[in-house]
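Me: I am new to this structure and would like a close look at one part of it. Please choose a loop and the residues around it, then show me how that part sits in the rest of the chain.

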Amino acid sequence: MRNKGAIILVSVLLVIISLYYLSFTFVVHNVESNADEYAQTRFEAMNLKVDEFEKIHITDSLTKRYLDSVSNKVVYSLFKKYTYMDCKERELNLGLDLKGGMNITLEISAEDVILALSNNRSDSTLNKALREATSVKSQQTGTDFIQIFGESYNKVKGSNSPAMASLFITTSNQDKITVKSTDAEVLDYISQEYEAAIENAFDVLRKRIDHFGVVQPNIQRDVAVKGVFHIELPGIKDPERVEDLLKQAAVLEFWETYNAEDIYDKLSEANVLIASIKEGEKDKLQGSDNVVAEENAPAVENEDVVFDENEIIEGEDTTAKATEAENTDEAKTNASGSLFERLVSQVGKYQIYGPVVGFAKEGDMQSVMADLNRESVRRLFPKDLVFAWSFKALPEEPGYYQLIALKKGKEGGAVLSGDVVTNANQEFGQNQATAEVTMSMNGAGSTEWARITRENIGKSIAIVLDGYVYSFPNVNDEIKGGRSSITGNFTLAEATDLANVLKSGKMPAPANILSKEIVGPTLGQKAIDSGLNSFLIAFFIILVYMVFYYGKGGFVADIALVVNIFFIFGVLASLGAALTLPGIAGIVLTLGMAVDANVIIYERIREELRAGKQLKTAVSDGYKNAYSAIIDGNVTTLIIGIVLATFGVGPVQGFATTLIIGILSSLFSAIFISRIIFVTMMDKDRKLSFGTKITQNLFTNLKIKFVEKRKVAYIISGALIIISLASLFTRGLNPGIDFSGGRNYVVAFKETVEPEEVAKALEKVYNDLPVVKTFGASNQVKITTKFRINDKDADNLADSLLYVGLKPLIKEDITMDDFFSDYRQSSQKVGPTVADDIMSKSIVAISIALVLMFLYILIRFRKWQYSLGATVALMHDAIIVLGAFSLFYSIMPFNMEVDQAFIAAILTVIGYSINDTVIVFDRLREYLGLYKKREMIDVMNEAVNSTIGRTINTSLTTLLVILAIFIFGGEVIRGFTFALLIGIGIGTYSSVFVATPVAYDLLRRKKKRDDKKAVK
């Protein structure tokens, strides 16, 4: 075997890299296990008498407190030191469907930008043109709204209507448009501002997300739809706050500041006052704890006691059964009410200076600000003083943030708004090794900026975005002309970040929420359990089957499969890719398809052994002759994965990512890992077998006349296609809200409920009958409603009505908050715009996949008849799968909605079917070259017969895998796996009875035409 040493080296490196990246996941799991154990121990020490819900609430709070305390402590050392947060950022990501959290699709609307840029929003012609453009845009997906607006304005304007330029010219944009500007120039200006708004929105949204406390958030721009962003926030606890913050327009401001020495005496007074207030609260709470600790106290036994999370945490240090953690410095700090124990004047080399009045840990920021904003404390400070935190932590003291003292202007706020900034860039200063930021302002801003800098020479001006201070440069001199240079030993990355912040002030419009999905951790945990169970069962099935069928060769294949799985998870961790439920399905499907490469190789080796070759020669020739089929088959499936990754969003991308990684990893494992094991075994004269007594000669010497039976196959396929098309045209499909737009809720009751009863209860509040289906267990339902889906402001109303409608079915008196936390497992909203975009993307994805399949086969086989035969088979498979979903969606006891996951299933079926077809075509091409004098029909029959063993083995193992997922994988992906079951079965059938016969008929006709021409 050539390059054996290089392959071993690459394998070892892959193992080391995978171990390195997966090690962070194990470290995080260990720390979080300690946190859970700590929370349980502390709760037991409190001796509180609370119900199960309150217990969970308290222990969750204690767990969070523990993790906050270790967030910036070193928990792992490997080449360098890593804090808990460092490890958390490097662990294997879990998607929303596994971890719970929030998925939001936002849009920076061109219509909103046009209104924001206008100097007269109430102009009748402007608003009439916008309504006309919105109507036209709804019928023309993918068109430019600003262009349509221009056409609509010309269409609706009257003789007395103002010129377009007069509606948009302001004092701040006179250098870009004038009263003499043409409509085309105005539209070009609007387009530029819209592009700038989109660019700035991406940066602003990313910075806002950083302050949600979410680890591994994900934000992506939609490549197909301008102005749309897809945001994933795993583990988010406060979705309403997230919505409010993400929807806001960017607020960039310039503030004057106080110097620390001007107010530090007042801070000292505040420290004494806060300590006194805290001591009083502590004494009061301690008395409350003593009451709770009395086991026989009737007030606790007979009354509903509500515990405040903060009170429990602050008061727990007074309990008799204290744990070891209470003796730590951190526990003492938390027990104390002193402000200066949380807000310090020095951290390492950093001391208070300029407007910086102190430093605090991230976990203390909220409590420090809350204490400083107490009404009694506020009276100690000047009325124009405002405190704000720095956006970034200290570079050399991670976890510590600066508290900045801002000064209100004459109008009670910032002295200058960010909308006066016309441009900002990062660059290297002259004769400097560090970067700086240059900023320019419009005319009005330049005049005001000159006044502000003149009055603040020697002081700092704070640059504030969304309430966080990004920089506070010192003013050296009055700045005229509006062009400023901000220096401060910036790295290029820091200068770029600050420049982006300054440009964020140009974002004129808020973001609109097009869709949102909230997944509760309970549903997520069920998905994890179901997904892992199906994964383990499917994996076990494959391992057993390979040993059963191929003996010791199967055992080697199993080793390669285990290594393959290890590599897949290692690569996922190294790329920071999120593991989703469809992703787990992709891995399991990859397992089934990974067997294919081993099967092709082993079947080739068995053929060589039956031909009388020695073992070493048979193994070498078997691998050599299998390469072509393996590469062709996997490249076609890889194309599908790339198409999915490019055009899919959310779960489809998760599936595509694992599919691509899995294909590449399985190729390496099957071709190289197994080969090295075989070579090593043969060098040591170990016995090798590629079959058992039962399977050794299975599927050999078959003489089935497949091609002769093509007319029967045509009739069967034709009948299935006619039935499918008839159902599609009459019954249609059952579109999920991904395609129709709507709201989905998953609600879990304490007892079994009837879907009809739930639907009738909700019809009273929604004035429309929603679709309600049992979802998994008999006490859990999935509710789909289109209630006011086009109304941007109806989200909270829809949620409230869900609570009102279902409350009579709940046998206990609960609040709305309790309903959302205990009963509502998930919610999802998809607006019609997103639905249209997904539909168009799906059609494009399937079309591109078919074209790429056709071209690849044409290039590889050099005959269009093969390409057409394969394409016909693919369309045959897709139509029948669609037809099955049309026929059975109202019959099957599980969800058969057509959504993004279904599109992933269709494309996977196409990829699998083409893989199967290419294997047959590869053997056919080989045999036609070897047996040129034989009749084509005989050669084709022999080619198909020779691949039957491979076809059945691969299809059987894959179907067993999918069946395991279908049975044990949970309700969430049952419709997805049902599509795969049908598709893989039909795909196996079509590669033998559709693709090959069609190619034969086309090649035969060509041969007849060629023969006629030769006779002439």
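Reply: The answer below starts with the whole chain, turns to one loop, and then moves outward.

This is a predicted model. The protein chain has 34 helices and 24 strands. Of its 1016 residues, 52% are buried. Contacts across long stretches of sequence are a main feature here. Among contacts with a separation of 6 or more, 75% join residues 24 or more positions apart.

Confidence comes next. The pLDDT averages 80 over the protein chain, and 85% of the residues score at least 70. Two helices mark the ends of the range for the elements. Helix α12, residues 298–302, has the lowest mean pLDDT, 30. Helix α24, residues 710–730, has the highest, 95. A stretch with pLDDT below 50 covers residues 288–336. In the model that stretch still has 71 contacts beyond near neighbours in sequence.

Now the loop. The one to look at runs between α23, residues 651–683, and α24. Start with D685, which sits in this loop. Its phi is positive, about 60°, although D685 is not a glycine. Why point that out? Most residues other than glycine have a negative phi. Is D685 buried or exposed? D685 has 69% relative accessibility, so it counts as exposed.

F699 belongs to the loop between α23 and α24 as well. Its phi is also positive, near 65°, and F699 is not a glycine either. Its setting is described by another class. At 28% relative accessibility, F699 counts as partly exposed.

Next come the aromatic rings. The structure holds 35 aromatic pairs. A pair of rings is described by the distance of the centres and the angle of the planes. Take one pair away from the loop as a reference. Y353 and F472 form a tilted pair, with 6.0 Å from centre to centre and 50° between the planes. This pair links distant parts of the chain, 119 residues apart. Y353 lies in the loop between β9 (350–351) and β10 (356–361). F472 lies in the loop between β17 (468–471) and β18 (484–490). Y353 is partly exposed, because its relative accessibility is 43%. F472 is at 16%, which means it is buried.

Back to the chosen loop. F678 and F690 form a tilted pair too, at 5.3 Å from centre to centre and with 55° between the planes. F678 is in helix α23 and F690 is in the loop between α23 and α24, so the pair ties together parts twelve residues apart in sequence. How accessible is each partner of this pair? F678 has 0% relative accessibility and counts as buried. F690 has 3% and counts as buried.

These two rings also have further company. F678 and F690 belong to one aromatic cluster with Y545, F548, Y549, Y550, Y602 and Y623. So the loop gives F690 to the pair, while helix α23 gives F678.

Look also at N598, in helix α21, residues 581–610. N598 counts as buried because its relative accessibility is 2%. Which residues does N598 touch, leaving out those up to four places away in sequence? They are M546, A557, A670 and S674.

For a helix contact, go further along the chain. The axes of α27 (residues 795–806) and α28 (residues 816–823) come within 10 Å and cross at roughly 90°. That makes α27 roughly perpendicular to α28. From α27, the residues involved are D799, S800, L802, Y803 and L806. They meet M816, F819 and F820 of α28. By class, this contact has six nonpolar residues, one polar and one charged.

One last residue offers a buried setting in another helix. C87 lies in helix α3, residues 84–90. C87 is buried, with a relative accessible area of 0%. Beyond its neighbours within four places in sequence, C87 is in contact with F24, V27, V28, V75, Y76 and Y82. From C-alpha to C-alpha, C87 is 9.6 Å from S71, and the two are 16 residues apart in sequence.

To return to the loop: D685 counts as exposed, F699 as partly exposed, and F690 as buried.

Technical notes:
Residues are numbered from 1 along each chain as its sequence is written. This is a predicted model: local features need pLDDT of at least 70, side-chain atom pairs count only at pLDDT 80 or more; totals for chains, interfaces and linings use all residues. Side-chain values use heavy atoms; hydrogens and water are left out. Axes are lines fitted to C-alpha atoms, for helices over the stretch in contact, and angles run from 0 to 180 degrees between N-to-C directions. Helices (H or I, at least four residues) and strands (E, at least two) are DSSP runs, numbered from the N terminus. Angles under 35 degrees count as roughly parallel, over 145 as roughly antiparallel, 65 to 115 as roughly perpendicular and the rest as oblique. Contact means heavy atoms within 4.5 Å. Ala, Val, Leu, Ile, Met, Phe, Trp, Tyr, Cys and Pro count as nonpolar, Asp, Glu, Lys and Arg as charged, and the others, Gly among them, as polar. pLDDT is the predictor's confidence in each residue, from 0 to 100. Buried means under 20% relative accessible area, exposed over 50%, partly exposed in between (1.4 Å probe, protein chains only). Rings of Phe, Tyr and Trp (its six-membered ring) pair if their centres lie within 6.5 Å; planes under 30 degrees apart count as stacked, over 60 as edge-to-face and the rest as tilted.
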